Amino acid sequence: MTQKADIKWSELRFSYIECDYRFISVYKDGKWDEGELSQGHHISIHQGSTSIHYGQQCFEGMKAYTTKEGKIVLFRPDRNAARIRNSCENLLMAVYPEEKFIEAVKKVVKANERFVPPYGSGASLYIRPYMIGVGENVGVRPAPEYIFGIFVTPVGPYFKGGLTPCHFVTSKYDRAAPRGTGGIKVGGNYAASLLAHKEAVDAGFADCIYLDPATHTNIEEVGAANFFGITPDNTFITPKSPSILPSITKYSLMHIAENSLGMKVVEKEIPVSSLDQFSEAGACGTAAVITPVGSITHEGKKYAFYGEGNEVGPVTKKLYETLTSIQCGDLKGPDGWVVEI
Ligand SMILES: *Cc1c(COP(=O)(O)O)cnc(C)c1O
């Protein structure tokens, strides 16, 4: 058993803490090198790199947890491997093979074992794989070379004192085009979201809600998280749109809702005008797992959910408890969800 790093796990936030190793692999002359664990926190790339000028880059976000028995586990890494492959294919980037992706993630987590927060701390090791187009270039074309890297950093639970409802406002901006890059995890969508986020925060909200970019009538995403609503007749409803980023957390919650909680699960358009149908609402993604949505304000009208928007509903709580218990190994999930390192 490695000696753990001297970190106050319970005080961790979502910020960068230097760990010992990162993984780096370079694609050059049509092939990937072996990849290596390296120390240091910077990379040096050509100033003409397509990732700098033309946004040819993508990334992933995942977490490692320590189980009660002291094992380190990943949650559905095959889904991240498949998603980054899809992102790379969409941006005409080199693809890092899926099995090698999982191997590299395991390797870098293992190498930084002393930074994986202990069981019960509520904290976890955040893992950030990324792919960038690099190499000498000026024109708009796919890069001649690529760097695939992974860094890790321990992060605290998103909500320190337990789940707390947050309040949101719809945005007049779009994070992606109707048939654009919304469905792939690329930095460009995030650059496009910074102003919308700032305006929502300046107006006193936790974040903004994006409406579907084609008609601006349906709920699309909650900041950088997917949306779901719960109806009083026990149905889990989540928006369907090609410009939504397919959240692994959401598909996991849908599985739990249907198979563990016996709920009906539906993916369909959710017009803002139909928000009154929900008794509970939430946002989901790797960072917070679930953020309870207390209310959504749209064109001056406020739609509040459980407990007039001030409480966390029982279904949201149950979904959160079930998924987080599976992730840290307390509860057995479907085969293949929890992968030991
Ligand atoms: C990453 C991401 C999510 C959440 O996906 P998870 O796989 O659940 O972490 C949701 N929306 C956007 C825009 C994202 O980039």
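**Close-up views of a predicted model**

**View 1. P154 sits in strand β8.** Strand β8 covers residues 145-155, and P154 is found within that stretch. This is a predicted model, so keep that in mind while you look around. Is P154 buried or exposed? Its relative accessible area comes out at 0%, and because anything under 20% counts as buried, P154 is buried.

**View 2. What P154 touches.** Setting aside neighbours within four places in sequence, P154 has contacts with I7, W9, L12, R13, S15, I17 and C19. The same list for P154 also holds F115, P117, S124 and L125. Now look for E18: how far is its C-alpha atom from that of P154? The two C-alpha atoms are separated by 9.0 Å, although P154 and E18 are 136 residues apart along the chain.

**View 3. N80 in helix α2.** Helix α2 runs over residues 77-90, with N80 in it. N80 has a relative accessible area of 2%, and because the cut-off for buried is under 20%, N80 counts as buried too. Which residues does N80 touch, once those up to four places away in sequence are left out? They are E60, G61, M62, F75, F101 and I248.

**View 4. Domain 1 and domain 2.** The domain assignment gives domain 1 as residues 9-155 and domain 2 as residues 166-327. To the contact between them, domain 1 brings 20 residues and domain 2 brings 17 residues. Taken over C-alpha atoms, the centres of domain 1 and domain 2 are 26 Å apart.

**View 5. Stepping back to the protein chain.** Count the elements and you get 7 helices and 18 strands. Along its principal axes, the C-alpha trace spans about 55 × 50 × 35 Å. The radius of gyration is 20 Å, which agrees with the value near 20 Å that a compact globule of 341 residues would have. Of those 341 residues, 51% count as buried. Among contacts with a separation of 6 or more, 71% come from residues 24 or more positions apart.

**View 6. Surface and charges of the protein chain.** The accessible surface is about 15800 Å², and carbon and sulfur atoms hold 50% of that. As for charged side chains, there are 35 positive and 38 negative ones. How far apart are the centres of the two sets? They lie 2 Å apart.

Note on methods: Residues numbered from 1 in each chain as written. Predicted model: local features only at pLDDT ≥ 70, side-chain atom pairs only at ≥ 80, totals over all residues. Heavy atoms only, no water. Helix = DSSP H or I, 4+ residues; strand = E, 2+ residues; numbered from the N terminus. Rg over C-alpha atoms; globule rule 2.2 N^0.38 Å. Buried < 20%, exposed > 50% of the residue type's maximum accessible area, 1.4 Å probe, protein only. Contact = heavy atoms within 4.5 Å. Areas by Shrake-Rupley, 256 points an atom, 1.4 Å probe, with all protein chains shown as cover. Lys, Arg positive; Asp, Glu negative; His and termini not counted. Charge placed at Lys NZ, Arg CZ, Asp CG, Glu CD. Domains from an automatic or database assignment.
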